[in-house]
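Thank you all for coming. I would like to walk you through one structure this morning, going from single chains to the contacts within and between them.

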Amino acid sequence: MSPDRSSPVFGLTVLYEVGSREEPRHRAGFAHLFEHLMFDGTPRAPKGVFDQVCDASGGSNNGQTRPDVTVYVEAAPISALDRFLWLEADRMTALALDQETLDTERDVVKEEIRFNVQDDPYGMFEWQELPGLLFRRWGNSHDGYGDFTDLDAATLGDVRSFFETFYRPSNAVLSIAGDVRADEVFEKAEKYFGAVPSGPRPVRPDLEEGRRSKAVVEVREAPLARTPALVSGWRTPPRGHEDAWPLLVLGELLHDGRTARLYRGLVEGRELAADVSGGFNPFQGGCWYHGSTLFLSRIAFRGAAPYQEVLGALDEEIARIAREGVDEGELGRVKTKVAAGFLRSLESRLDLSTEAAVAVAFDGDPSSLLAFPERVGRVTPADLARAAGRWLGPSARAAIVKVPPGKRRANGPKGRRGSGSGKGPK
Amino acid sequence: MTPAAGLPALRTDRPFVVPEVDAFALANGLQVRTVTVPGLPLVTLRLVIRGGRSDDGPMPGFSELLADALEEGTTTRNATQLFDLLQDAGGDLTADAGTDATTVSAHGLSSSLPLLAGLVADVVRNAGFPADGVRRVKALALEDLETDESEPSFLASRAFARAVYGRHPYATVAPTRTTIRSVTRERLDGELRRRLRPERALLVVAGAVGPEAVRRAVEPFATWEGAGDAPELPPEAPGTERRSVVIVDRPGSVQATLVVGNVGTRRTDADAWPLDLAVTVYGGAFSSRLVQNLRVAKGYTYSPGAASTWLAARGVVRSWASVRTEVAGPALAEIFGEMERMGSEEVTAEELDRARRRESGLELLSLQTAAGLARELGELWLSGLGPGRLGEGVTAFGRVTAPEVLEASRRYLDPSRTVVVAVGDARRLGKALSSLGPAVRRRRVGSTR
């Protein structure tokens with residue numbers, strides 16, 4: 001709980017410690033489908049009530065399913081705090097689901113996938129396709145949006161069992177920021193959530209995978225695209241490893257804005273790319289992860305450039321850091337920007353409530369959030385060189401190249417596999 | 001509302017205390033507003049210059065290229081030096097062309113206010129347009145256009161703007177290839193002086209800074225001046241008086257992307273606020289009729305919605321949905337049906353109250369950050385309204401009545417006077433939309449210059 005009396009509003013986050021990495025096998029996409037069902041009514045507040053109450057209270061809401069957590073967020077004028085607490089406690093207590101609701105919501109989710117993935121020129125390939133190539137364990141490698149077969153197979157029994165296993169108070173964090181006193185909020189939390197039946201805390205599966213030992217590069221046709229793009233991903237070490245913070249800083253140094261090494265090297269400089277993005281833990285951001293996560297670079301490259309040259313240029317930028325490190329001046333500027341960006345992320349009450357919930361989920365302590373700038377500040381040029389060399393080498397990558405129809409010939413045959421640095425096929 | 005036993009009532013609202021705004025003007029006409037937001041040591045600067053795509057006339061989309069080229073450095077600092085300084089201030093700078101305005105924004109740590117103000121002034125006064133930067137801006141604009149043309153939402157917006165605005169300058173949403181190729185350093189420089197001038201501009205500074213510090217920091221703007229004749233404002237956009245259908249062919253498309261609408265209002269029009277509430281009840285909120293119908297009841301689409309925009313020469317009212325192609329016909333029929341219903345009977349008291357509370361609540365939420373306050377002060381100024389109107393949205397919706405909502409709906413949500421754009425696989429789409437009659441034009445992707 002973080003009080004801020006400067007504006008008569010609040011932000012509220014309920015975070016459940018379950019995401020797509022933990023959904024059951026043969027149910028790819030289930031955690032996300034379940035998130036939708038959380039808005040579809042309870043025995044006390046039937047379908048439609050949640051959104052009507054939200055709108056009628058001047059609020060906004062959303063849900064997000066990430067690999068390790070699912071968050072439900074609301075922001076509204078402070079007059080609506082009690083009813084949002086009631087609504088969240090109510091749907092933590094029980095859902096009222098029938099077959100028709102499940103079927104309709106399944107259709108909506110399929111439309112979401114058609115909209116965001118199938119009709120997208122690149123099929124959101126950095127999210128949807130890269131993990132399958134980069135990782136081996138199902139929890140890490142499957143598509144969290146799900147395929148239609150798995151979605152079709154989902155039953156009301158699956159919904160009940162997922163709810164009973166993961167959607168318990170013992171597995172949840174409630175966080176509020178805004179125009180209210182701390183003691184008031186803790187009292188209200190007790191009042192509304194105190195009686196919600198709890199259960200054992202689910203055991204988190206081991207999803208560790210070490211660094212890849214072999215590179216893999218696949219060229220895939222993108223029938224709806226008109227310009228090529230590629231993504232290169234690497235596995236990263238577990239949370240708490242000495243290279244984790246350096247990799248986070250490297251992500252910013254390589255990708256963030258006009259000062260980014262990849263912007264200056266590939267968009268300016270070599271003029272191979274139209275756009276670069278990516279970084280450490282890109283699907284969740286910052287410190288939102290359990291175990292290990294990934295690092296990626298996504299490059300929209302200029303039509304005439306062969307992909308091998310683009311990957312080679314990416315490797316060269318990373319190798320230069322591994323070889324020479326980074327000068328203190330540049331690293332200092334990156335740290336300043338990361339620290340200021342962190343402050344900006346706390347500006348809205350809603351974002352602050354979410355970040356605090358995340359800090360509890362992953363570090364067990366909301367104040368760990370405030371250690372962020374200090375942790376970033378401790379990273380040295382030698383740390384960056386070491387982390388780049390250890391984790392982001394060409395031999396540890398998995399890359400996918402998306403090529404528009406008719407532009408394949410210049411870039412090699414479809415489905416070709418090989419190492420990124422042109423050292424021959426695997 | 002559907003009953004929910006035990007749901008707590010709303011408590012009393014706490015008043016929104018409108019932050020104090022320090023307003024003054026420089027001798028060259030530049031308006032300056034400061035709003036102090038204590039707390040985090042951050043500051044946002046927003047330089048809003050009247051004229052964006054509205055100024056483009058015979059060079060559709062030129063304003064966007066001008067904005068991009070502003071980020072390529074100045075006569076005193078190249079782009080590398082410029083962005084290194086910004087990074088050191090914990091921030092960034094961007095230039096964007098919109099419909100009615102071009103905006104140069106910078107943000108960073110509040111301790112860097114003088115530096116940030118100096119860099120924004122440098123960019124608009126001394127943009128350098130270096131040869132390699134201009135060449136890259138043009139090359140990237142061509143690449144971006146190529147990429148954008150693969151996106152159904154872009155194709156739909158482009159076709160919709162053309163169909164609604166016709167020959168008006170608002171009819172373009174992105175630079176054309178002809179415009180991109182015609183860009184030269186000389187043209188950029190001439191248009192910069194002509195368009196970006198202090199008497200057409202407002203600078204908003206919002207954050208952990210006081211008015212005195214801002215008055216000192218804006219000193220580099222004092223010598224800013226334009227040259228040549230400033231562009232004229234575009235005439236009022238008439239909108240369409242009939243129903244027309246445009247199909248944009250995107251072979252292989254999995255969905256049909258539908259956009260339906262017509263011109264709307266200015267912010268200062270009498271029916272602006274009533275129309276906003278009408279659109280909220282109709283399709284602007286999750287609990288709205290259209291979303292409940294298309295998504296919740298039928299499961300046709302993940303992404304239905306509606307919105308109205310306010311522009312100086314009249315904005316638009318639009319509905320949209322991306323649906324699987326075989327239900328494009330039924331989805332459009334529902335959209336027309338809901339528009340019709342809005343114009344045939346008054347919204348219920350419960351719907352009106354819900355829409356009022358929603359819109360005023362979201363307004364309140366948008367004003368909780370420095371960036372939100374700066375954006376609203378810029379919007380007010382563009383509409384010719386003073387800083388005293390800051391926060392008016394929190395209360396203005398409460399005064400709108402059901403008959404006013406009905407009247408606005410009849411005028412702006414009339415299914416017989418509307419543009420319908422459908423992007424998708426034309427062969428399958430043509431079949432799905434055959435009930436709309438023969439008034440269908442087909443355009444292929446990329447057919448534009």
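I will begin with chain B as a whole, then take the domains, the contact between the chains, and finally the nonpolar cores.

Please keep in mind throughout that this is a predicted model.

Chain B is built from 16 helices and 12 strands, and its C-alpha trace extends over about 60 × 55 × 35 Å along the principal axes. How does its radius of gyration fit with its length? For 449 residues a compact globule would be expected to have a value near 22 Å, and chain B, with 23 Å, agrees with that. Of the 449 residues in chain B, 57% are buried. If we look at the contacts in chain B with a separation of 6 or more, 81% of them are made by residues 24 or more positions apart.

Let me turn to the domains. In chain B, the domain assignment gives domain 1 as residues 21–221 and domain 2 as residues 243–444, and the centres of these two domains, taken over C-alpha atoms, are separated by 28 Å. Their contact draws on 29 residues from domain 1 of chain B and 29 residues from domain 2 of chain B. On the domain 1 side, the elements that each supply at least two residues are β1 (21–25), β2 (31–36), β3 (42–50), α5 (152–165) and β6 (201–207) of chain B, and it is α5(B) that gives the most, with 8 residues. That side of domain 1 of chain B divides into 18 nonpolar, 7 polar and 4 charged residues.

Chain A can be described in a similar order. Its assignment gives domain 1 as residues 2–193 and domain 2 as residues 216–418, with the C-alpha centres of the two lying 27 Å apart. Here the contact takes 31 residues from domain 1 of chain A and 31 residues from domain 2 of chain A. Several elements each supply at least two residues of the domain 1 side, among them β4 (70–77) and β5 (172–178) of chain A, while the largest share, 6 residues, comes from β2(A). By class, this side of domain 1 of chain A has 19 nonpolar, 6 polar and 6 charged residues.

Next is the contact between the chains, where 63 residues of chain B meet 62 residues of chain A. On the chain B side, the elements giving two or more residues are α2 (79–88), β5 (101–109), α4 (131–148), α10 (289–297), β10 (316–324) and α12 (349–366). Which of these gives the largest share? That is α12(B), with 9 residues. The side of chain B that touches chain A comprises 23 nonpolar, 22 polar and 18 charged residues.

Last, the cores. The largest nonpolar core has 145 residues, and those with the most contacts inside it are A:Leu15, B:Val120 and B:Leu203. Helix α15 of chain A, residues 349–363, provides the largest share of this core, with 9 residues. To take one example in detail, and leaving aside residues up to four places away in sequence, B:Val120 touches B:Leu45, B:Leu47, B:Leu93, B:Val104 and B:Ala106. There is also a second, separate core of 67 residues, which includes B:Ala163, B:Val245, B:Ala328 and B:Met339.

Terms used. Residues are numbered from 1 along each chain as its sequence is written. Chains are lettered from A and ligands numbered from 1 in the order in which they are written. This is a predicted model: local features need pLDDT of at least 70, side-chain atom pairs count only at pLDDT 80 or more; totals for chains, interfaces and linings use all residues. Domain bounds come from an automatic or database domain assignment. Two residues are in contact if their C-beta atoms, placed from the backbone, lie within 7 Å. Helices (H or I, at least four residues) and strands (E, at least two) are DSSP runs, numbered from the N terminus. Ala, Val, Leu, Ile, Met, Phe, Trp, Tyr, Cys and Pro count as nonpolar, Asp, Glu, Lys and Arg as charged, and the others, Gly among them, as polar. The radius of gyration is taken over C-alpha atoms; the globule rule is 2.2 Å times the number of residues to the power 0.38. A residue is buried if 20 or more other C-beta atoms lie within 10 Å of its own, exposed if 12 or fewer, and partly exposed in between; C-beta atoms are placed from the backbone. A nonpolar core is a set of buried Ala, Val, Leu, Ile, Met, Phe, Trp, Tyr and Cys residues joined through C-beta atoms within 7 Å.
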